[in-house]
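Q: I am learning to read protein models and would like a close look at a single part of this one. Could you take one strand, explain how it is placed and paired, and then work outwards from there to the rest of the chain?

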Amino acid sequence: MEEVDLLVKEAFHPYLQKTVDIAVKEGRIYKIAEKLDLQAKEVIFAKGKVVFPSFANMHTHVSMSLLRSLGADLPLMDWLQKVIWPLEGEFVSPEFVRAGAKLGILEMIKSGTTLFMDMYFYEEEVGEVAIESGVRAGLGVGILDFPTKVASGPDGYIERAKSLLENFKGNDKVFVVLCPHAPYTCSPETLRKVLDLSEETGAYIHIHVAETKGEVEKIKEEYGKTPVKHLNDLGLLSEKTLCAHMVWVDEEETQILRETSAVVVHCPESNLKLASGIAPIPRYIKEGVKVCLGTDGPASNDNLDMLEETSTMTKLHKGNTLDAKAIDARTALKIATEEGFKAVGIKGGRVEEGFEADFILVDFDKPHLQPMYDPVAQLVYSAKSSDIDTVVCKGKVLMEKREVKTLDEEKILKEAGEWRDKIWKALQRL
Ligand SMILES: [Zn+2]
């Protein structure tokens, strides 16, 4: 009898509207049918559970999990300048980044994410933890014009990006992207260098754009144009560019985004918490701009929970536009899953034959999820990420019965507590 790597038995498939078996072979979904008579190296019994694609968190700074909730209730620039940057100046090190990545990736696996895009320092540490934990990651060192302890200027950061590219070359789950921080922290010259390296290596570009009204004013003052126009004139916008936030974008810029196929990464909870504003996502969707979803760093959200982010996104835009159909549950789930994978060229985000085997099993046998009429709407509006029972990434089971198999949860939480004590002391001196 034919043997597959993984066989999921009797999961309810919300789009096929029936109970199915799912066979996984070589990291992909090989077969889906009502009954599959196959040998399997690993079998999961999924009765009472509903299968959905796993989430793609397309913008975060995962190691900031160690700074979670600090500077709460401050606007973006105060939050950065008064709290985050001084603490990062003191604490960011390979050890800090590694401990933060472990905590953040543990949180992401427990909330059903199997792909994340990260921008920070010492990203080789994040890459190693990602490989160890079995998730997919697109990583990049933040490129800035000013010095930090990581580099003395733009060329130093770009050198770091090059060595990172070399480091993870050929890895099947971790890939390197280029992360110029933002148009207000990178000069046109720096951005041109990033573009050259992207063209030379094929690496994606991941950047913060038009996050606050203040940023737009600053760019207009300096370059006489809006941030999107400024980046487009530099040649930076293409289907290889992921632009986080995109809150303050006018109609002309929307057309530029559509024409260049640049991708918007919506981060609604971070934008709300830092009082940055509400991105015009329904307009983007209507005009054919590509949109995916991210949490942003756990210090500005304050978690990495993509299910919560998805739910917030739908309700935010319904309320903001007074249109209950502004973003419906199916569209929201697609933005949080398939659109993210697609943005970085991965055939994932759907539980269909031929797609990458990245999916979750959600336990619907709960008071807040019964009776089950419309599992997609109930996932988005009723479920909590703690209802996610099983997480599979590229055919590998990362969590089963809520137990993460690839990371030591107890040890990671203990280590986070140790960092907390050190950081708390420093905070009293600020
Ligand atoms: Zn960010």
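A: What follows begins with one strand and then moves outwards to its partners, its domain and some other parts of the chain. Please keep in mind throughout that this is a predicted model.

The strand to look at is S16, which covers residues 388-393. A residue is called buried here when 20 or more other C-beta atoms lie within 10 Å of its own. By that cut-off, 6 of the 6 residues of S16 are buried, so the strand is largely enclosed by the rest of the structure.

Next come the partners of this strand. Strand S15, residues 359-363, pairs with S16 in the antiparallel sense, and 4 bridges hold this pairing. To find the register, look at valine 362, whose bridge partner in S16 is isoleucine 388. S16 also pairs with strand S17, residues 396-400, again in the antiparallel sense, this time over 3 bridges. Here cysteine 393 stands opposite lysine 396 of S17. S16 and S17 make a hairpin with 2 residues between the strands, and in this hairpin lysine 394 takes a positive phi near 50°.

Moving along into S17, one residue worth following is methionine 399, which is found in that strand. Methionine 399 has 24 other C-beta atoms within 10 Å, and it is therefore buried. If residues up to four places away in sequence are not counted, methionine 399 touches Thr390 and Val391, and it also touches Ile109, Lys110, Val404 and Lys405. A further comparison can be made with leucine 106, which is 293 residues from methionine 399 in sequence, while the two C-alpha atoms are 9.9 Å apart in space.

The domain assignment helps to place these contacts. It gives domain 1 as residues 3-53 together with 355-402, and domain 2 as residues 55-343. The centres of domain 1 and domain 2, taken over C-alpha atoms, are separated by 29 Å. Where the domains touch, 17 residues come from domain 1 and 22 residues from domain 2. On the side of domain 1, the elements that give two or more residues are helix H14 (375-381), S16 and S17, and this brings us back to the strand we began with. H14 gives the largest share of that side, namely 5 residues. Sorted by class, the side of domain 1 that touches domain 2 holds 13 nonpolar, 1 polar and 3 charged residues.

The other segment of domain 1 can be read in a similar way, beginning with strand S1. This strand covers residues 3-13 and runs parallel to strand S4, residues 39-45, with 6 bridges joining them. Within that pairing, lysine 9 has phenylalanine 45 of S4 as its bridge partner. S1 also pairs with S2, in the antiparallel sense and over 6 bridges. These two strands form a hairpin with 4 residues between them, and glutamine 17 in the turn has a positive phi of about 60°.

In the pairing of S1 with S2, alanine 11 has valine 20 as its bridge partner. Valine 20, found in S2 (residues 18-25), has 20 C-beta neighbours inside 10 Å and so counts as buried. Leaving aside neighbours within four places in sequence, valine 20 is in contact with Ala11, His13, Ile32, Ala33 and Glu34. Serine 133, by contrast, lies 113 residues from valine 20 in sequence and 28 Å from it in space, C-alpha to C-alpha.

Elsewhere in the chain there is an open sheet of 4 strands, in the order S11-S12-S13-S14, with parallel pairing. Strands S11 (205-209) and S14 (290-293) stand at its edges with a single partner strand each, so one side of each is left without a neighbour in the sheet. From one strand to the next, the twist averages 30°. S14 runs parallel to strand S13, residues 263-266, and 4 bridges join the two. In this pairing histidine 266 stands opposite leucine 293 of S14.

Finally, helix H1, residues 76-91, has a kink of about 40° at isoleucine 84, shortly before proline 86. Ile84 is also one of the buried residues of H1, along with Trp79 and Leu87. What covers these buried residues includes helix H15 (409-429).

How values were computed:
Residues numbered from 1 in each chain as written. Predicted model: local features only at pLDDT ≥ 70, side-chain atom pairs only at ≥ 80, totals over all residues. Buried ≥ 20, exposed ≤ 12 C-beta atoms within 10 Å, placed from the backbone. Pairing = 2+ DSSP bridges. Axes fitted to C-alpha atoms, helices over the stretch in contact; angles between N-to-C directions. Bend = angle between axes of the 7 residues up to and from the residue. Contact = placed C-beta atoms within 7 Å. Domains from an automatic or database assignment. Nonpolar A, V, L, I, M, F, W, Y, C, P; charged D, E, K, R; others polar.
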